Each structure stands twice: as C-alpha cells, then as structure tokens.
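Thanks, everyone. I will go through the empty spaces in this structure and then one spot on its surface. Please have the structure open.

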Amino acid sequence: KKIKAMLLLSQHSFNEPGLPEEFIPLKKIFKKAGKIRDADVNTGLLEEHHIKDKKIKAALKKMLKEKGKRFSKNTGVYRETAAKQEKLLLAKLTELPDEKIRQLFHKELRLLSEKAHLRLGTLQLHECRKKIKSLRYAFDTLPRITAQKIKLNKFYLKKLEEVIGAWHDVVIIIELLREEKYKPAEIPRKLLREKKKLREKVHDLFADFHRDVLLA
C-alpha cells in the first residue's frame, strides 16, 4: 500500500487505473495475503459475537491453514519478485515540485469533502477508505517542509479510516452469514447494532470532513 501510494503521487493522480503494469505482480501478492487476513478477521468476529457455526468456522480455519501454508511456502519467490519489481518501479518515480504536490492533495481532499455530504453505499465508502489510506501513506513519504505546507490533519484521517474499516469488517461478516443462508432473524442483533453504531460514527466523523481534515 505504501509503494502504491508513492506511485500514485508520482503519477500526479490518485486514480488507481493509472498505476504502471510493473506494479501488478506486487498487487497479486498483496491480494493473496489479503484473503488470509480476511479469513483471520472473520474468525475473530465470529468468536467476538459468539456465533457458533461449526461449518463456517471450519471453512475459515481450512482457508487460513491452506492459504497460509501456501503463502509461506512461496515467501522466497515473493521476495524475489518484490526485489525485481523494485528496480523497475524506482524508474517510474519522479520528483514533483512542492506546489504541485500541495495542489494534488487539496484536489483529492476536495473530492472527498464533496462525498462527505452523501449517504455512500458500502462499495463507495470502501473506495473512500482506500483513497484516504493512499493519501496518508503518500503524506508520510513527504519531506517535513513539504508536508507542513499541506497542513493535513493525518490523525483525523487515520481515525476516519479506522472507523470505516471497523464498519466494513462487520458488513463483511454479516454478508458471510447471509451467503450461508442465515435468515434476518438469525443474524445476532448485537452484530446488527454494531453495524448501525459504526455507520453512524462514520457519518459523524465524515460530516465535517472539510473542517477537520486540515490543520488551522
């Protein structure tokens, strides 16, 4: 994600379709690791909400074991791939003037601010979270003097990203239960209440995005 953020910044746009093809091998590795992460998070959420579905737990446990073992087995290959792509991707990075960087950040923050007034769906909100994460990672790569000119409130962005992430994890586990033919009445009410509570928290945090995202 950090490499992706640097590439996005370097290409003068935070739109992912413009990423160089040399990034694709790293993206594939990341997706494989992500499936393991999702299975682990879902297992934790099932236990946290006392959902004792042996079938789902067994499937997640099997996925963790098999995909985890396969990923570990290929670690050496992944390291070689990363080293090879590193050299190719370094050639894609370009230096930007401070003013160009500042304009780029403020443009993306303005677009996010416009979305803050809408009732975004699950996919849209997840896309906003990915954009926020890329902005945070890119911001952390900037020289201190350049970062000071942008005046980004990165602590606010991190909080917003984390709350959206927590909400999204709950949404995913509810969707998993529905895929397993759980009826609405069978989904734990505590889980549904948590989803609603987190969504309201996202809304409250996001509502004043324009005011809170920049330091005075």
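First, a term: a cavity here is a set of grid points where a 1.4 Å probe fits but cannot get out. A pocket, by contrast, is an open set. Keep in mind also that this is a predicted model.

Start with the enclosed space. How many cavities of 30 Å³ or more are there? The count comes to 1, and the volume of that largest cavity is about 50 Å³. Its lining is made of Ala 116, Leu 118, Arg 119, Leu 120, Leu 125, Arg 199, Val 202, His 203 and Phe 206. Helix H9, residues 189-207, gives the largest share of this lining, with 4 residues. By class, the lining of the cavity has 6 nonpolar residues, 1 polar and 2 charged.

Now the open spaces. The largest pocket has a volume of about 1,100 Å³. It is lined by 31 residues, and those nearest its centre are Lys 1, Phe 30, Lys 31, Gly 34 and His 126. Which elements give two or more residues to that lining? They are helix H1 (2-10), helix H2 (24-48), helix H3 (54-73), helix H6 (122-140) and helix H8 (154-179). H2 makes the largest contribution, 13 residues. As for the character of this lining, 13 residues are nonpolar, 13 are charged and 5 are polar.

The second largest pocket comes next, with a volume of about 250 Å³. It has 13 lining residues, and Leu 9, Thr 94, Ile 101, Thr 141 and Leu 142 are the closest to its centre. Two or more residues come from each of H1 and helix H5 (98-115). The largest share is that of H1, at 3 residues. The classes in this second lining are 7 nonpolar, 4 polar and 2 charged. So to speak of H1 once more: H1 also gives two or more residues to the lining of the largest pocket.

Last, the surface. Met 6, Leu 90 and Leu 93 form a nonpolar patch there, and together they have about 250 Å² of accessible area. Take Leu 90 from that patch. It sits in helix H4, residues 75-90. Is Leu 90 buried or exposed? The cut-off for exposed is over 50% relative accessible area, and Leu 90 counts as exposed because its relative accessibility is 52%.

That is the end of my part.

Note on methods
Residues numbered from 1 in each chain as written. Predicted model: local features only at pLDDT ≥ 70, side-chain atom pairs only at ≥ 80, totals over all residues. Heavy atoms only, no water. 1 Å grid on protein atoms, 1.4 Å probe; cavity = no way out; pocket = protein on both sides within 12 Å on 5 of 7 lines; lining within 4 Å. Points joined across faces, edges and corners; volume = space filled by probe spheres on them. Nonpolar A, V, L, I, M, F, W, Y, C, P; charged D, E, K, R; others polar. Patch = residues over 30% accessible without salt bridge, like charges linked within 9 Å, V, L, I, M, F, W, Y side chains within 5 Å. Areas by Shrake-Rupley, 256 points an atom, 1.4 Å probe, with all protein chains shown as cover. Salt bridge = Lys/Arg side-chain N within 4 Å of Asp/Glu carboxyl O. Buried < 20%, exposed > 50% of the residue type's maximum accessible area, 1.4 Å probe, protein only.
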